[in-house]
Amino acid sequence: RIPGLFLTWEDESLTVVGSDETCGWVREESLSSVVSATLLDLPASTFIPVNFHRHTNPLKLWTERISNQLLDLQKLINLYFGTAVRDGSPEMERDSFNLNKLIFTVSTVGKVHVLHSNTGRIVWSRYLDNITPLSNGQYQVHLVRTAS
């Protein structure tokens, strides 16, 4: 009886397969050889920002601004101490402090990963065996973004 198999792949991932042909786990070792990384902003939520210019009274403007800044400070404190309550917004959305990002990486073997900066989990990955690095061993990454 064979307890399981330990497999290595050309994209530098490791897999353990059990005797019943179920995948025990997969480990992405290509993340240890990242040669290029770029941070990507997540899209903004549907939250409509406060328009501070809707009042003509400077006192009302000031009190509204201070109250919004106090709410942001409360969110920051809750985020820091881990007591932040999720408001049902999806994970792939920009937070109010723009700390949630996607990390786009390319490894030496040509494996491309997109990681979520908040959780560290792999959101997307592809092995591109037909790309070649530059003469210095680096990959040149160009991101095309919309104007919004």
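Colleague: How do you know that strand 1 and strand 2 pair?

Modeller: In this predicted model, strand 1 and strand 2 (residues 13-18) are joined over five bridges in the antiparallel sense. Pairing requires at least two bridges between the strands, so the two strands qualify. One of the matched positions is Phe 6, whose bridge partner in strand 2 is Val 16.

Colleague: What makes the sheet of strands 1, 2 and 3 an open one, and which strands stand at its edges?

Modeller: The three strands follow the order 1-2-3 with antiparallel pairing. Strand 1 (4-8) and strand 3 (23-28) are the edges; each has a single partner strand, so one side of each lacks a neighbour in the sheet. From one strand to the next, the twist averages 10°.

Colleague: Where does this sheet belong in the chain as a whole, and what is the pattern along the sequence?

Modeller: The protein chain has one helix and seven strands, arranged along the sequence as β-β-β-β-α-β-β-β. Strands 1, 2 and 3 form the open sheet. Strand 6 (residues 111-116) and strand 7 (residues 122-127) also pair, in the antiparallel sense and over five bridges. Within that pairing, Lys 111 stands opposite Tyr 127. Five residues lie between the strands of this hairpin, where Gly 120 has a positive phi near 80°.

Colleague: What makes the phi of Glu 12 worth a remark?

Modeller: Most residues other than glycine have a negative phi. Glu 12 is not a glycine, yet its phi is positive, near 65°. Glu 12 sits in the loop between strand 1 and strand 2. At a relative accessible area of 28%, Glu 12 is partly exposed, because that class runs between 20% and 50%.

Colleague: Why is the pair of Lys 111 and Asp 11 called a salt bridge?

Modeller: Side chains of opposite charge can pair when their charged atoms come close. The cut-off is 4 Å between a side-chain nitrogen of Lys or Arg and a carboxyl oxygen of Asp or Glu. The closest N and O atoms of Lys 111 and Asp 11 are 2.6 Å apart, so the pair meets the criterion. The pair links distant parts of the chain, with Lys 111 in strand 6 and Asp 11 in the loop between strand 1 and strand 2, 100 residues apart.

Colleague: What makes Asp 11, Glu 28 and Lys 111 a network?

Modeller: Lys 111 also forms a salt bridge with Glu 28, at 3.0 Å from N to O. Here too distant parts of the chain are linked, since Glu 28 lies in strand 3, 83 residues from Lys 111 in strand 6. Lys 111 takes part in a salt bridge with Asp 11 and in one with Glu 28, so the three residues are linked in a network.

Colleague: How do you know whether the residues of this network are buried or exposed?

Modeller: Buried means under 20% relative accessible area. Lys 111 has 4% and is buried; Asp 11, at 12%, is buried by that rule. Glu 28 is buried as well.

Colleague: Is Asp 41 buried or partly exposed, and which residue meets its side chain in a salt bridge?

Modeller: Asp 41 has 43% relative accessibility and therefore counts as partly exposed. Its side chain meets that of Lys 101 at 2.4 Å from N to O, within the 4 Å limit. Asp 41 belongs to strand 4 (residues 34-41) and Lys 101 to strand 5, 60 residues apart. Lys 101, at 17%, counts as buried. The count of salt bridges comes to four.

Colleague: Why is Asn 100 called buried?

Modeller: Asn 100 has a relative accessible area of 13%, which means that it falls under the 20% cut-off. Asn 100 is placed in the loop between helix 1 and strand 5 (101-107). Leaving aside neighbours within four places in sequence, its contacts include Leu 42, His 116 and Asn 118.

Colleague: What makes Leu 76 part of a surface patch?

Modeller: Leu 76, in helix 1 (residues 58-80), is partly exposed at 39% relative accessible area. Patch members need over 30%, so Leu 76 passes that threshold. Leu 70, Leu 73, Leu 76 and Ile 77 form the nonpolar patch, with about 350 Å² of accessible area together.

Note on methods: Residues are numbered from 1 along each chain as its sequence is written. This is a predicted model: local features need pLDDT of at least 70, side-chain atom pairs count only at pLDDT 80 or more; totals for chains, interfaces and linings use all residues. Side-chain values use heavy atoms; hydrogens and water are left out. Helices (H or I, at least four residues) and strands (E, at least two) are DSSP runs, numbered from the N terminus. Axes are lines fitted to C-alpha atoms, for helices over the stretch in contact, and angles run from 0 to 180 degrees between N-to-C directions. Patches are made of residues with over 30% relative accessible area and no salt bridge: like charges are joined within 9 Å, nonpolar side chains (Val, Leu, Ile, Met, Phe, Trp, Tyr) within 5 Å. Accessible areas come from the Shrake-Rupley method with a 1.4 Å probe; for residues, only the protein chains shown count as cover. Buried means under 20% relative accessible area, exposed over 50%, partly exposed in between (1.4 Å probe, protein chains only). Contact means heavy atoms within 4.5 Å.
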